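Visitor: Pick one part of this fold and take me through it slowly, please. I'd like to know what sits next to what, and which cut-offs lie behind the words you use.

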Amino acid sequence: MTSESNKLLEKLSQFFSNIKIGEIMTSPAIVVTPETSIKQVKNIMKIKKISGLPVVKRGLKLTGIISIEDIIKVLENGKLEDSVKKWMTKNVKVLYEENTLSDFMSISQKYKFGRYPVINNENKVIGIITKYDVISWLFERLGTMYIHDDRRKKILEHEEYTSRLTGELLDNKKISFDFDIDYTEIQRIGTGATKLKSFLKKKGIDEKLIRKVSISTYEAEANVVIHSESYGKIFCWDFEDSIRLLIKDYGKGIENVEIAMQEGFSTASEEVRSQGFGAGMGLPNMKRFSDKMTIISEVGKGVIIEMLFYK
């Protein structure tokens, strides 16, 4: 990358400095073992168009990294039949999935390596991150923000939301959890629900309540991806007596909420149905698993679903 590109990357990254590496990394990572031959590594790099691989022992435990620079050393002084353990770098700089984009930029500036394995607390490799991953993620995020900027301003810049269920003010500054829904990848449906589930587990919330919240969030997230054709958001407030969910999108809206609430009713395409989604149970399931629920929708302006779960 040129110095100008690096400066641009640094500047853009400042806007997302607190984003966790786990959201950006490539996962799972392509790995090799210490016993793999250099010739095999060279072929993998050529086929996969990558320039470095984590080296792992049993259980994906990190033990080194082998890069294109190491391959060049082998070509100069070794044999392609040599094993990876003879040439790999053992002192590996790593990141944890909980590290932030700011941490990645700091370590990149200090060590200048092209890639960093991402590990968990058990030293298990769960991904890999490069500047290419960061740039791709930034472009995707900035593109989404640009497309929906006007509508986001109108809806998201409100500092509070008046609950249609209780009349209370839900302060955006006191949101416990939030997640951006990417509607461009149907296979990512459930990512937000899974992250919210992990968050609630760490808070020590009752397992049965977590299950209800997770199912409802999953259904709402799926609806945004399948039907809205728009960016969406999940907001969660963890109150002393209840959990509140607000799922917003800024898409085409629901033409007739009463009909949409009927079990089995769906406007999902055949392609979506063939992938196991769009069975027409989304809204009925949200109503079933929440204690209170309301839907606000206008054609062309999106959907807001609010749900309340008593503790």
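Guide: Let's take the open sheet of 5 strands, ordered E8-E9-E10-E12-E11 and paired antiparallel. Strands here are DSSP runs of E with at least two residues, helices are runs of H or I with at least four, and both are numbered from the N terminus. Two strands pair if DSSP finds at least two bridges between them. This is a predicted model, so local features need pLDDT of at least 70 and side-chain atom pairs count only at pLDDT 80 or more, while totals for chains, interfaces and linings use all residues. Residues are numbered from 1 along each chain as its sequence is written, and side-chain values use heavy atoms, with hydrogens and water left out.

At the edges you'll find E8 (177–181) and E11 (292–298), each paired on one side only. On average, neighbouring strands of the sheet are turned by 10 degrees against each other, direction ignored. For angles like that, axes are lines fitted to C-alpha atoms (for helices, over the stretch in contact), and values run from 0 to 180 degrees between N-to-C directions. Now zoom in on E9 (residues 232–238) and E10 (residues 242–249): 7 bridges join this antiparallel pair. Phe 235, for instance, has Leu 246 in E10 as its bridge partner. As general background, strands of a sheet pair through backbone hydrogen bonds, either parallel or antiparallel.

Next, the helix side. H8 (residues 191–202) packs on this sheet and touches E8, E9 and E10, where contact means heavy atoms within 4.5 Å. The direction of H8 makes about 165 degrees with that of E8.

H8 also has a helical partner. Its axis and that of H9 (residues 207–228) come within 8 Å, crossing at roughly 160 degrees. That angle is why H8 counts as roughly antiparallel to H9; the classes are roughly parallel under 35 degrees, roughly antiparallel over 145, roughly perpendicular from 65 to 115, and oblique for the rest. The crossing of H8 and H9 is right-handed, meaning the near helix is turned clockwise from the far one by less than a right angle, with anticlockwise being left-handed.

Who meets whom there? On the H8 side it's Thr 191, Gly 192, Ala 193, Leu 196, Lys 197, Leu 200 and Lys 201. H9 brings Glu 207, Ile 210, Val 213, Ser 214, Thr 217, Tyr 218 and Glu 221. By class, the residues of this contact divide into 6 nonpolar, 4 polar and 4 charged. Nonpolar covers Ala, Val, Leu, Ile, Met, Phe, Trp, Tyr, Cys and Pro; charged covers Asp, Glu, Lys and Arg; the others, Gly among them, are polar.

H9 turns up again around H12 (residues 282–289), a mostly covered helix with 6 of its 8 residues buried. Buried means under 20% relative accessible area, exposed over 50%, and partly exposed in between (1.4 Å probe, protein chains only). The buried ones in H12 are Gly 282, Leu 283, Pro 284, Asn 285, Met 286 and Phe 289. Their cover includes H9, H10 (257–260), and two strands of our sheet, E11 and E12 (302–310).

To put that part in context, the protein has 12 helices and 12 strands, and buried residues make up 44% of its 311 residues. Among its contacts between residues at least 6 apart in sequence, 62% join residues at least 24 apart.
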